[in-house]
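Please open the model in your viewer and keep the selection panel at hand, for this tour goes from one selection to the next and says what is to be found at each stop.

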Amino acid sequence: MTKAGWFDAEGFYAALDAQRQARKLTWKHVAGESGVSASTLTRMAQGKRPDVDGLAALAAWSGLDTNHFVRSELKPERPEPLAMISTYLRSDPHLTDEAATALDELIKATYERLRKDQ
């Protein structure tokens, strides 16, 4: 079975290293500032992939957009509107997790009821 897409961990690590060098930091400092263990960074240097929480922490620390490191041989699909709405609600700093979930459920139920192609 062929994967529809994959994460370019080597490319992400190279960009992360460039960010580290631009800030004139050691990897130990990166670990401390990002909250990722030094062993995770060492494993990444050896070509291993970080876990999803480590990836999120490093992306937040570096400002790198992980979407730039997703590779695919397929034509990119346009995201479904409900997926985008859910993404925006869950990233809204003005909403608690519970509020975002409640709004998401309400919008999905209303959308299903009103969509044309039922």
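In this predicted model, begin by selecting Phe12, Leu16, Gln19 and Arg20 in helix 1, and then add Leu55, Leu58, Ala59, Trp61 and Ser62 in helix 4, since these are the residues through which the two helices meet. If you colour this contact of helix 1 with helix 4 by class, you will find 6 nonpolar residues, together with 2 polar and 1 charged.

Next, show the two helices whole, selecting residues 9-22 for helix 1 and residues 52-62 for helix 4, and look at how their axes lie: the axes come within 11 Å of each other and cross at roughly 40°. Because of that angle, helix 1 counts as oblique to helix 4, a term used here for angles that are neither under 35 degrees nor over 145, and that also fall outside the range of 65 to 115. As you turn the view, note too that the crossing in which helix 1 passes helix 4 is left-handed.

For the last stop, turn to the enclosed space in the model, where the count comes to 1 cavity of 30 Å³ or more. Which residues line the largest cavity? Select Ala9, Glu10, Tyr13, Met44, Gly47, Lys48 and Pro50, and you will have its lining on display, around a volume of about 40 Å³. Helix 1, already familiar from the earlier stops, gives the largest share of this lining, with 3 residues. Coloured by class once more, the lining of the largest cavity divides into 4 nonpolar, 1 polar and 2 charged residues.

Conventions. Residues are numbered from 1 along each chain as its sequence is written. This is a predicted model: local features need pLDDT of at least 70, side-chain atom pairs count only at pLDDT 80 or more; totals for chains, interfaces and linings use all residues. Side-chain values use heavy atoms; hydrogens and water are left out. Axes are lines fitted to C-alpha atoms, for helices over the stretch in contact, and angles run from 0 to 180 degrees between N-to-C directions. Helices (H or I, at least four residues) and strands (E, at least two) are DSSP runs, numbered from the N terminus. A crossing is left-handed if the near helix is turned anticlockwise from the far one by less than a right angle, and right-handed if clockwise. Contact means heavy atoms within 4.5 Å. Ala, Val, Leu, Ile, Met, Phe, Trp, Tyr, Cys and Pro count as nonpolar, Asp, Glu, Lys and Arg as charged, and the others, Gly among them, as polar. On a 1 Å grid over the protein atoms alone, a cavity is a set of points where a 1.4 Å probe fits but cannot get out, and a pocket is an open set with protein on both sides within 12 Å along at least five of seven lines; lining residues have an atom within 4 Å of a point. Grid points are joined across faces, edges and corners, and a volume is the space filled by probe spheres set on the points.
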